[in-house]
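Trainee: Could you go through this model with me and show how each label follows from its definition?

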Amino acid sequence: MEQEHANSLIKPVRVPWNKGKLVGAKPPLRPSHVWSIRTKLQIEGKKRDLALFNLAIDSKLRGCDIVTVRVDDVAPSGYSMDRATIRQKKTGRPVRFELTDQTRQAIDEYLRLTERKPGQFLFAGRGDRGGLTTRQYARLVLEWIASIGLDPAKFGTHSLRRTKAVLIYRRTGNLQAVQLLLGHSKIESTVRYLGIEVDDAIEIAEKIDI
């Protein structure tokens with residue numbers, strides 16, 4: 001009886017959800033990583049993946065936003081534009097971004113191949129019935145990461161979102177520009193997202209006249 005009472009007092013051991021996993025902010029890709037992935041996708045002839053990867057780097061969008069981009073958001077006339085605006089699902093705020101030459105070329109080639117029309121999701125999911133899901137996008141990102149010899153456990157979709165933002169900050173020190181590009185409402189969010197020191201951020205912000 002005493003043994004049964006003792007057993008009832010023993011609480012089951014709960015395994016933490018993050019046991020064995022790397023948690024925290026995922027690091028951005030380095031320029032060399034971007035070029036390696038881009039080159040590999042080009043060689044393998046993966047038109048959709050190349051357009052998706054390039055757009056993710058340029059747009060700095062979250063995964064939930066990149067998968068809902070429609071053809072007319074970036075190529076309303078059948079050819080991709082220099083700039084586009086997407087309303088973020090998380091914040092409801094519109095964010096504007098540039099499309100580089102290589103991104104526009106990749107999107108245009110993908111559109112010629114697939115003949116996707118305005119109103120449709122830009123990136124088709126399985127069976128071409130609808131758009132990619134965030135889970136499918138996340139899996140693709142991990143495949144791209146692993147394909148160039150990086151540990152996929154250390155990276156994720158936010159690595160692509162951070163890549164250009166971090167590069168812009170390091171080259172210019174302009175926090176406000178990065179804040180606008182990421183669509184953050186508060187500069188403190190940008191500071192945390194970039195993983196920079198607060199004192200450094202304030203020092204740079206003080207140099208910016210409004």
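Mentor: Happy to! Let's start with Glu 115, which lies in the loop between H6 and helix H7 (134–147); helices (H or I, at least four residues) and strands (E, at least two) are DSSP runs numbered from the N terminus. The model is predicted, with local features requiring pLDDT of at least 70 and side-chain atom pairs pLDDT 80 or more, while totals for chains, interfaces and linings use all residues. Residues are numbered from 1 along each chain as its sequence is written, and side-chain values use heavy atoms, leaving out hydrogens and water.

Trainee: What makes the phi of Glu 115 worth pointing out?

Mentor: Phi of Glu 115 is positive, at about 55 degrees, although the residue is not a glycine. Most residues other than glycine have a negative phi.

Trainee: Why is Glu 115 called exposed?

Mentor: The relative accessibility of Glu 115 is 57%. Exposed means over 50%, buried under 20% and partly exposed in between (1.4 Å probe, protein chains only), so Glu 115 counts as exposed.

Trainee: Lys 60 also has a positive phi. Where is Lys 60 found, and is it buried or exposed?

Mentor: Lys 60, with phi near 60 degrees, is found in the loop between H3 and H4. With a relative accessible area of 1%, Lys 60 is buried. Lys 60 also belongs to a network of salt bridges with Asp 58, Glu 98 and Lys 164.

Trainee: What makes a pair such as Lys 46 and Glu 44 a salt bridge?

Mentor: The closest N and O atoms of Lys 46 and Glu 44 are 3.3 Å apart. A salt bridge is a side-chain nitrogen of Lys or Arg within 4 Å of a carboxyl oxygen of Asp or Glu, so the pair of Lys 46 and Glu 44 passes. Both partners are partly exposed: Lys 46 has a relative accessible area of 36% and Glu 44 one of 40%. The structure holds nine salt bridges.

Trainee: Asp 49 and Arg 48 form a salt bridge too. How do you know that they carry different burial labels?

Mentor: Their closest N and O atoms are 3.1 Å apart. Asp 49 has a relative accessible area of 6%, so it is buried, whereas Arg 48, at 25%, counts as partly exposed.

Trainee: Arg 104 and Asp 82 pair up as well. What makes this pair a tie between parts of the chain?

Mentor: The side chains of Arg 104 and Asp 82 meet at 3.2 Å, N to O. Arg 104 lies in helix H6 (residues 101–114) and Asp 82 in the loop between helix H5 (71–74) and strand E1 (83–87), so the salt bridge ties together parts that are 22 residues apart in sequence. Arg 104 is buried, with a relative accessible area of 18%.

Trainee: Why does Arg 38 count as having no salt bridge?

Mentor: Arg 38 is found in helix H2 (residues 31–43). Lys and Arg count as positive and Asp and Glu as negative, with His and the chain ends not counted. For the buried Arg 38, the nearest side chain of opposite charge is that of Asp 58, 5.7 Å away, so the salt-bridge limit is not met.

Trainee: Which residues does Arg 38 contact, leaving aside its neighbours within four places in sequence?

Mentor: Arg 38 is in contact (heavy atoms within 4.5 Å) with Leu 50, Phe 53, Asn 54 and Gln 102.

Trainee: And how do you know that Asp 65 is a similar case?

Mentor: Asp 65 is found in helix H4 (residues 63–66). Asp 65 is buried and has no salt bridge, with Arg 62 as the nearest side chain of opposite charge at 4.2 Å; that value fails the salt-bridge test, so the label stands. Not counting residues up to four places away in sequence, Asp 65 touches Arg 87, Gln 88 and Lys 89.

Trainee: Why is His 158 called partly exposed?

Mentor: His 158, found in helix H8, has 32% relative accessibility, so it falls between the buried and exposed limits. Not counting residues up to four places away in sequence, His 158 touches Arg 62 and Tyr 193. The C-alpha atoms of His 158 and Leu 29 are 9.8 Å apart, with their positions 129 residues apart along the chain.

Trainee: How many helices and strands does the protein chain have?

Mentor: The protein chain has 11 helices and two strands, in the order α-α-α-α-α-β-β-α-α-α-α-α-α. Of its 210 residues, 38% are buried.
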